[in-house]
Amino acid sequence: MSQQDEFGLSAIGQVSVRVKDLDRAVSFYRDQLGIRFLFQVPNMAFFDCAGVRLMLNIPEEGFEDIHTSILYYKVDDIQDAYRIMKDRDVQFVGRPHKIADLEDHELWMAFFRDSEMNLLALMAEIPHQV
């Protein structure tokens with residue numbers, strides 16, 4: 001098998017989320033979501049999401065119309081995460097709800113908006129009780 005055949009993307013190293021107000025966004029991600037802040041430079045701030053780097057950035061000229069993807073944050077207990085984040089004034093679009101009942105677990109999600117109105121989500125894979 002050639003190197004080209006073996007190539008495949010897998011782990012995410014960094015995700016970029018565009019923001020309008022960097023200081024406000026840093027405060028939201030650091031203080032309300034509790035994500036570990038790494039550092040900030042002009043127009044960019046970086047966080048560590050369990051080994052995946054999250055970059056918040058003010059778009060460069062010519063890139064203002066690019067919109068963010070939805071980031072799904074894995075949590076073990078979605079109800080507890082929802083409660084904690086609600087207590088931190090995170091604005092949820094709805095309550096945690098089951099998306100799918102899969103063979104060995106249920107998939108639950110809860111959607112919320114960041115300080116810049118980007119849509120984000122919590123997700124949990126809850127094993128079936130035996």
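Colleague: Which residue follows H3, and what is its phi?
Modeller: This is a predicted model, with local features needing pLDDT of at least 70, side-chain atom pairs counting only at 80 or more, and totals for chains, interfaces and linings using all residues. Residues are numbered from 1 along each chain as its sequence is written, and side-chain values use heavy atoms, without hydrogens or water. H3, a DSSP run of H or I (helices need at least four residues, E strands at least two, numbered from the N terminus), is followed by Asp-89, whose phi is positive, near 65°.

Colleague: And which residue caps the N-terminal end of H3?
Modeller: Look at the backbone nitrogen of Gln-79: a side-chain oxygen lies 3.1 Å from that nitrogen. The oxygen belongs to the capping residue, Asp-77.

Colleague: How wide an arc do the buried residues of H3 cover?
Modeller: H3 runs over residues 78-87, and its buried residues (under 20% relative accessible area, 1.4 Å probe, protein chains only) are Ile-78, Ala-81, Tyr-82 and Met-85. They sit on the same side of H3, because around the axis they cover an arc of only 100°.

Colleague: Which strands help cover those buried residues of H3?
Modeller: The protein has nine strands alongside three helices. Among what covers the buried side of H3 are strands at 91-92, 105-113 and 119-127. Those are E6, E8 and E9.

Colleague: Leu-38 is in a strand too, so how accessible is it?
Modeller: Leu-38 belongs to E2, residues 36-41. It counts as partly exposed because its relative accessible area is 33%.

Colleague: What share of the whole protein is buried?
Modeller: The protein follows the pattern α-β-α-β-β-β-β-α-β-β-β-β along the sequence. Of its 130 residues, the share counted as buried is 31%.

Note on methods: Buried < 20%, exposed > 50% of the residue type's maximum accessible area, 1.4 Å probe, protein only. Arc of directions from axis to C-beta. Contact = heavy atoms within 4.5 Å. Polar contact = N/O pair within 3.5 Å; in protein donor to acceptor, adjacent residues only side chain to side chain.
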